[in-house]
Amino acid sequence: MDSLQVLLVDDEYLAIEDLKLMVDWEALGYHIAGTAHNGKQALGIAAREKLDIIITDISMPGMNGIELIRQIRSSQPHMRFLLLTAYAEIDYMKQAFRLGVEDYLMKDEITS
């Protein structure tokens, strides 16, 4: 079985590095296909790569995670999303779940 391709998106370098190191992605059947530090960069990667899952921060400069999800969802409805956030802002969460986001992770719960 082919591994699922994952894109990690966060403007905080350490958040991405923590996620890469804290999970044994390969053992679980996932492969980190790439990382992006903002929504616009993630859009470019998603257009070039065959991705299955995008784990994205909500709050990023330039393009936030909600807008990233909205744009990708319109062209790639099969994509699965998981939100990564430092705060549980209810309005963002409502928007995200309306867009079909699978779930979310609080950054303060992701510690090594």
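**Reading a pocket, a helix and two buried residues**

Modeller: Let's start with the pocket: by class, the lining of the largest pocket has 12 nonpolar, no polar and 2 charged residues. Keep in mind that this is a predicted model.

Biologist: Happy to start there! What is the volume of the largest pocket, and which residues are closest to its centre?

Modeller: The volume of the largest pocket is about 230 Å³. It is lined by 14 residues, and those closest to its centre are Trp25, Tyr30, Ile53, Ile55 and Leu82.

Biologist: Which elements each supply at least two residues of the lining, and which one gives the largest share?

Modeller: At least two lining residues come from each of α1, β3 and β4. The largest share belongs to β4, with 3 residues.

Biologist: You mentioned Trp25 and Tyr30. How many aromatic pairs are there, and how do I read the geometry?

Modeller: The general idea is to check two things, the distance between ring centres and the angle between ring planes: centres within 6.5 Å make a pair, and planes over 60 degrees apart make it edge-to-face. Here the count is 1 aromatic pair. The centres of the Trp25 and Tyr30 rings are 6.1 Å apart and their planes stand at 90°, so this pair is edge-to-face.

Biologist: Are those two residues buried or partly exposed?

Modeller: Here the cut-off helps: buried means under 20% relative accessible area, and exposed means over 50%. Trp25 has 12% relative accessibility, so Trp25 counts as buried. Tyr30, with a relative accessible area of 26%, is partly exposed.

Biologist: Next, helices. Which residues of α1 are buried, and where do they sit around the axis?

Modeller: For a helix, list the buried residues and then look at the arc they cover. Helix α1 spans residues 13-22, and its buried residues are Ala15, Ile16 and Leu19. Their arc around the axis is only 100°, so they lie on the same side of α1. The other side of α1 has Tyr13, Leu14 and Leu21, which are exposed.

Biologist: What covers the buried residues of α1?

Modeller: The cover includes four strands: β1 (4-9), β2 (30-36), β3 (53-57) and β4 (80-85).

Biologist: And a buried charged residue such as Asp10: where is it found, and what is it in contact with?

Modeller: For a single residue, combine place, burial and contacts. Asp10 is in the loop between β1 and α1. Its relative accessible area is 1%, so Asp10 is buried. Beyond its neighbours within four places in sequence, Asp10 is in contact with Ala15, Ile16, Ala36, His37, Asp57, Met60, Leu84 and Lys107. Two of these, Ala15 and Ile16, are buried residues of α1.

Biologist: Let me try that recipe on Ile66. Which helix holds it, and what does it touch?

Modeller: Ile66 lies in helix α3, residues 65-75, and at 1% relative accessibility it counts as buried. Setting aside residues up to four places away in sequence, Ile66 touches Ile58, Tyr92, Gln95, Ala96 and Leu99. Gly39 is 27 residues from Ile66 along the chain, and their C-alpha atoms are separated by 9.2 Å.

Biologist: Finally, how many helices and strands does the chain have, and in what order do they run?

Modeller: The chain has 4 helices and 5 strands, running β-α-β-α-β-α-β-α-β from the N terminus on. Of its 112 residues, 41% count as buried. For contacts between residues at least 6 apart in sequence, 62% join residues at least 24 apart.

Technical notes: Residues numbered from 1 in each chain as written. Predicted model: local features only at pLDDT ≥ 70, side-chain atom pairs only at ≥ 80, totals over all residues. Heavy atoms only, no water. Phe/Tyr/Trp six-rings, centres within 6.5 Å; stacked < 30°, edge-to-face > 60°. Buried < 20%, exposed > 50% of the residue type's maximum accessible area, 1.4 Å probe, protein only. Arc of directions from axis to C-beta. Contact = heavy atoms within 4.5 Å. 1 Å grid on protein atoms, 1.4 Å probe; cavity = no way out; pocket = protein on both sides within 12 Å on 5 of 7 lines; lining within 4 Å. Points joined across faces, edges and corners; volume = space filled by probe spheres on them. Nonpolar A, V, L, I, M, F, W, Y, C, P; charged D, E, K, R; others polar.
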